[in-house]
Amino acid sequence: MTFIIRPAREDDLQPLYEMAKLTGGGFTNLPPEKPALKAKIERSATAFARTEDVVKDELFVLVLENLETGDVRGTCQIFTQVGQRWPFYSYRLGTETKHSEALNRTFRAEILSLVNDLEGCSEVGGLFLHPGERAGGLGMLLARSRYLFIAMHRARFADRVLAELRGVIDEAAGSPFWDGVAGRFFGMSFQEADEFNAIHGNQFIADLMPKHPIYTAMLTDHSRSVIGLPHPSGRAAMRMLENEGFAYEKYVDIFDGGPTMTARTDQVVTVRDSKTEKVTVVAEGGAPAIAACGTLNDFRACHARIGPTNSGVAIDAKAATALGIEAGQEIRHAPR
């Protein structure tokens, strides 16, 4: 089977909705609500249609398509600059140190501070792969296609990029972090907040969240234990981010306490190490790679086998067909 990454289209709404229903909740960027998904596709179409090379508050939605069946089996998103229309809030985990001469003791308290430190960053998110396709490196293809897209449209993105990982959700579909922090002030369960968030976005959380630092010692053990931890299904995504050079710098999501990973955009491994070269021949052989071509709406990415030639690279026939390229055209590629 051959899979290709391409921009989302209007007719992808139903498969995106079907995948959103499989997320199990708490997946902010892929809500199981058709109006919200439709709005994302429309916003993405506007971004793909704009050709001016400046950073603006935009969203690109990509999908993974099985070329043999036409089925859409995965998706991912890129936000070019967060915090432009609404402030972008995070909790930063810090330490407050105090010393008592009378007791001759030093106390260190862990605190959560509401901050806008990450405002202006680009964001990669919304990655979901259908459970039936979680083999063969397709999750990595989805993830790394975003970095190839960024590298190929670098002027449209900020110098720092972040990724929020879904936090821990318990067996009852509740969030221990929500129950211990925001839930005490909002009068609604995590599930109710999650449903509201799917339709209206999470600005209501930032609007109503207490602005004062929170001492984590005052939280329950369960709430405190999940701060900065990804949902079990997100551990592989966290490893992929770390392999790309992202780091957890003690920023967590204000909604579920999941970790926020950050990196300098130009130091993301796939952005930094990928190359743009001319295809000189379509031929078998070469090393496993991911390859991309095209600008904006013509962007395509897939698995490929790439080998060096005297004046460029060779690409295997299957990938060349999937990308719709022939000798003489340029591709951006990175080793798998």
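Reader: In this predicted model, is Leu 323 buried or exposed?
Author: The model is predicted, not experimental. The cut-off for a buried residue is under 20% relative accessible area. Leu 323 has 7% relative accessibility, so Leu 323 counts as buried.

Reader: Which residues is Leu 323 in contact with, leaving aside its neighbours within four places in sequence?
Author: Leu 323 has its place in helix 11. Two of its contacts are cysteines, Cys 293 and Cys 302. The full set is Ile 4, Ala 291, Cys 293, Arg 300, Ala 301, Cys 302 and Ile 315.

Reader: How many Å apart in space are Leu 323 and Ile 205?
Author: In sequence, 118 residues separate Leu 323 from Ile 205. The distance in space runs from C-alpha to C-alpha. That distance is 42 Å.

Reader: Cys 302 came up as a contact of Leu 323. Is Cys 302 buried or exposed?
Author: Buried requires under 20% relative accessible area. Cys 302 is at 1% relative accessibility, so Cys 302 counts as buried.
The same label applies to Cys 121, at 3% relative accessibility: buried.

Reader: Why is Cys 121 without a bond to Cys 76?
Author: A disulfide needs two cysteine sulfur atoms within 2.5 Å. Cys 76 holds the closest cysteine sulfur to that of Cys 121. The two are too far apart for a bond, because the gap is 19 Å.

Reader: How many Å is the sulfur of Cys 302 from the nearest cysteine sulfur, and how many disulfides does the count come to?
Author: For Cys 302, the nearest cysteine sulfur is that of Cys 293, 7.9 Å away. Cys 302 is in no disulfide. The disulfide count comes to zero.

Reader: Which element gives the largest share of the lining of the second largest pocket?
Author: The second largest pocket holds about 310 Å³ of space. Of its 18 lining residues, the closest to the centre are Met 1, Thr 2, His 303, Lys 318 and Arg 336. Helix 3, strand 13 and helix 11 each give two or more residues to the lining. The largest share, four residues, comes from strand 13.

Reader: How many residues of that pocket lining are charged?
Author: The lining of the second largest pocket divides into three classes. Nine residues are nonpolar and four are polar. The charged ones number five.

Reader: Which residue makes a side-chain polar contact with Glu 244?
Author: Glu 244 has its place in the loop between helix 9 and strand 9. It counts as buried, at 6% relative accessibility. Beyond four places in sequence, its contacts include Tyr 147, Gln 267 and Thr 270. The side-chain polar contact, at 3.2 Å, is with Arg 144.

Reader: What is the phi of Asn 104, and is Asn 104 buried or exposed?
Author: Most residues other than glycine have a negative phi. Asn 104 has a positive value, near 55 degrees. Its place is the loop between strand 4 and strand 5. With a relative accessible area of 61%, Asn 104 is exposed.

Reader: Where is Leu 296, and is Leu 296 buried or exposed?
Author: Leu 296 has a positive phi of about 50 degrees, although it is not a glycine. Its place is in the loop between strand 12 and strand 13. At 8% relative accessibility, Leu 296 counts as buried.

How values were computed: Residues numbered from 1 in each chain as written. Predicted model: local features only at pLDDT ≥ 70, side-chain atom pairs only at ≥ 80, totals over all residues. Heavy atoms only, no water. Buried < 20%, exposed > 50% of the residue type's maximum accessible area, 1.4 Å probe, protein only. Polar contact = N/O pair within 3.5 Å; in protein donor to acceptor, adjacent residues only side chain to side chain. Contact = heavy atoms within 4.5 Å. 1 Å grid on protein atoms, 1.4 Å probe; cavity = no way out; pocket = protein on both sides within 12 Å on 5 of 7 lines; lining within 4 Å. Points joined across faces, edges and corners; volume = space filled by probe spheres on them. Nonpolar A, V, L, I, M, F, W, Y, C, P; charged D, E, K, R; others polar.
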